[in-house]
Amino acid sequence: MKLRPLDPTHRLARDMLAFARRARLLEALEQSPSIHTDILIVVANGNPENRVMLAIAHVLDGQRVVDIAFPEHKHFSILNVVHEYVKRGYRKVIVVLDQEEMELSNIHERVKQRVVLPIKDYVVDQDVNGRLVCIESDRATLYVVINGVEDPRFVKHTIEDHLLRLAEELGKHRLQNNVDPKQEWRRLSKDRQREVLTALAKNRELVKKHFRQHLKALAKTLTIE
């Protein structure tokens, strides 16, 4: 899989390119504007989601091009504008957002209320503990990936949950109780962060273990096992 930023000048797109160079993941980026794709990933927060998606793209390998967008709208407000991407020809859209401190049931209801698409089917995937929602409409399929893992040590749930648990498994960090995952991830050195993300990019089994909802959404979108 190759990621192609909708706006290559966006600061998160530039950050992703710089990280790809440092981590030697350039083959997971597509910079040609002429290749057609009807698949889009919409990142609701920013960094390190952009780097995580790049690492996962590298693991999946292959030539499929997937566009990635970093809109000004954040968290649930992104769902109000997803239909604008559908108008542009995207038929499969993955939205990645943090759980934060909300109950998953409340997020499911909020997602259903916010999506400006006629909903034919709405499915919460319990195989990944409710952290993936699939919404079918006449014009597109929307996957909402909710960042977070079941771990009582975190005071809220974000993409950093996954990275910190991976860092712990790799022996590069030790987690305590009552951890704010965003603050904890920022405490790691830039080199240590890069080591964790590079390990992720080199090992599909680590992606399967630590980013289950993300991989499942991509597998459904790309029609892979």
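**H75.** I started with what H75 touches in this predicted model. Leaving out residues up to four places away in sequence, I found A44, L97, D98 and E100 around H75. H75 itself sits in a loop, the one between β3 (65–69) and α3 (82–87). Buried or exposed, I wondered about H75? The relative accessibility came out at 17%, and the cut-off for buried is under 20%, so H75 goes down as buried.

**R51.** Next I looked up an arginine, R51, which lies in helix α2. R51 has a relative accessibility of 12%, so I logged R51 as buried too. Which residues is R51 in contact with, leaving aside neighbours within four places in sequence? I noted D15, F19, R22 and L197.

**L54 and the cores.** I then turned to the nonpolar side chains. The largest nonpolar core holds 54 residues, and M1, L3, I41 and L54 have the most contacts inside it. Helix α2 (residues 49–60) gives this core its largest share, 8 residues. I also pulled up a second core, separate from that one, with 27 residues; V42, L79, L97 and I107 are among them. L97 had already turned up in my H75 entry as one of the residues H75 touches.

Back to L54: what does L54 contact once neighbours within four places in sequence are set aside? My list for L54 reads L3, M16, F19, A20, L25, A28 and L29. I had F19 written down before, as a contact of R51.

**Rings.** I went looking for aromatic pairs and got a count of 0. I did get a charge over a ring: K112 lies over the face of Y122, 4.6 Å from the ring centre.

**Whole chain.** Last, the overall numbers. I counted 9 helices and 7 strands in the chain. The C-alpha trace spans about 45 × 40 × 35 Å along its principal axes. Why call the chain compact? A compact globule of 225 residues would have a radius of gyration near 17 Å, and the chain has 16 Å, which agrees.

I checked burial over the chain as well: 58% of the 225 residues count as buried. The exposed area is about 10,500 Å², and carbon and sulfur atoms supply 44% of it. For contacts between residues at least 6 apart in sequence, I noted that 69% join residues at least 24 apart.

Technical notes
Residues are numbered from 1 along each chain as its sequence is written. This is a predicted model: local features need pLDDT of at least 70, side-chain atom pairs count only at pLDDT 80 or more; totals for chains, interfaces and linings use all residues. Side-chain values use heavy atoms; hydrogens and water are left out. A nonpolar core is a set of buried Ala, Val, Leu, Ile, Met, Phe, Trp, Tyr and Cys residues joined through side-chain atoms within 4.5 Å. Buried means under 20% relative accessible area, exposed over 50%, partly exposed in between (1.4 Å probe, protein chains only). Helices (H or I, at least four residues) and strands (E, at least two) are DSSP runs, numbered from the N terminus. Contact means heavy atoms within 4.5 Å. Rings of Phe, Tyr and Trp (its six-membered ring) pair if their centres lie within 6.5 Å; planes under 30 degrees apart count as stacked, over 60 as edge-to-face and the rest as tilted. A charge sits over a ring if NZ of Lys or CZ of Arg is within 6 Å of the ring centre and within 35 degrees of the ring normal. The radius of gyration is taken over C-alpha atoms; the globule rule is 2.2 Å times the number of residues to the power 0.38. Accessible areas come from the Shrake-Rupley method with a 1.4 Å probe; for residues, only the protein chains shown count as cover.
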